[in-house]
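Please read this note beside the model. The points are short and can be taken in order.

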Amino acid sequence: MSGKHTKRANGDNDSAGNVVIEPPAADDGGALWRIARDSQKLDLNSSYAYLLWCRDFADTSVVARVDGSPVGFVIGYRRPATPDSLLVWQVAVDDSQRGRGLAGKMLDALFERAVADGVRYLDTTITPDNEASIGLFASFAKRWDATLERSEFLAADEFPDPPHEPEDLFRVGPLNVPAG
């Protein structure tokens, strides 16, 4: 993917300023780590991982900014075994921006770019009880007029850091142009 894709999203809360969705800058890693940490819901990766995501995976990730400050992100990567898919690793939205549909807007912005680069499938893993994330990706599939398939991926006992819930693989596709 080349070029800088910027999408302005009009949220329900105009007092928060305009939302700009674009690839992360190399120095956004610390802010993304803090958003994930402060969520107290996500599996927190090392701060080093977020620095690398922003530096080396900007083409497969987006950050949402309000008044220039990061308030959300989607990080992902293209899986070598399935080059026509993009695996969404993590989606996070700052508490101050929840309820505005920002996660869906970030996914749409990312996949508008990715489809142009040959991506036809979105893959992600979600724990079976995470209804919010399941709803986010089901809604994404509906907007993109695509099928959502769910299969077992990692069992709870496969994780070295129990307790950890199992992770199911969700696949959305094939992706073409958003339905509307």
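The numbered points below go from the basis of the model to the fold, the cores, one helix, one strand and two loop residues.

1. Basis. This is a predicted model, in which local features need pLDDT of at least 70, side-chain atom pairs count only at pLDDT 80 or more, and totals for chains, interfaces and linings use all residues. Residues are numbered from 1 along each chain as its sequence is written, and side-chain values use heavy atoms, with hydrogens and water left out.

2. Fold. The chain has four helices and eight strands. Helices (H or I, at least four residues) and strands (E, at least two) are DSSP runs, numbered from the N terminus. Their order from that end is β-β-α-α-β-β-β-α-β-α-β-β.

3. Totals. Of the 180 residues in the chain, 44% are buried. Buried means under 20% relative accessible area, exposed over 50%, partly exposed in between (1.4 Å probe, protein chains only). About 9,300 Å² of the chain is exposed, with 49% of it from carbon and sulfur atoms. These areas come from the Shrake-Rupley method with a 1.4 Å probe; for residues, only the protein chains shown count as cover. Among contacts with a separation of 6 or more, 64% join residues 24 or more positions apart. Contact means heavy atoms within 4.5 Å.

4. Cores. The largest nonpolar core has 33 residues; Val88, Leu107, Phe111, Leu122 and Leu175 touch the most other members. Elements giving two or more residues to this core include strand 4 (69–78), strand 5 and strand 6. Helix 3 gives the most, with nine residues. Another core, of 11 residues, lies apart from it, with Leu32, Ile35, Ala36 and Ala92 among them. A nonpolar core is a set of buried Ala, Val, Leu, Ile, Met, Phe, Trp, Tyr and Cys residues joined through side-chain atoms within 4.5 Å.

5. Leu122. What does Leu122 contact, leaving aside neighbours within four places in sequence? The list includes Val88, Leu107, Phe111, Phe137, Phe140 and Leu175.

6. Helix 4. This helix covers residues 131–143, and its end C-alpha atoms are 18 Å apart, in agreement with the 18 Å expected for 13 residues at 1.5 Å a residue. The expected span is 1.5 Å times one less than the number of residues. Ile134, Leu136, Phe137, Phe140 and Ala141 are its buried residues. They fall within an arc of 160° seen down the axis, so they line one face of the helix. The arc is that of the directions from the helix axis to the C-beta atoms. Exposed Glu131, Ala132 and Lys142 sit on the face turned away from the buried side. The buried residues pack against strand 5 (85–93), helix 3 (102–116), strand 6 (121–126), strand 7 (147–154) and strand 8 (167–173).

7. Strand 2. In strand 2 (residues 19–22), Val19 and Ile21 point one way, Val20 and Glu22 the other, and all are buried. Strand 2 pairs with strand 3 (residues 62–66) in the antiparallel sense over four bridges. Two strands pair if DSSP finds at least two bridges between them. Ile21 stands opposite Ala64.

8. Loop residues. Asp28 lies in the loop between strand 2 and helix 1 (29–39). Asp28 is buried, with a relative accessible area of 5%. Ala146 is in the loop between helix 4 and strand 7. Ala146 is also buried, at 18%. The C-alpha atoms of Ala146 and Leu175 are separated by 6.2 Å, though the two are 29 residues apart along the chain.
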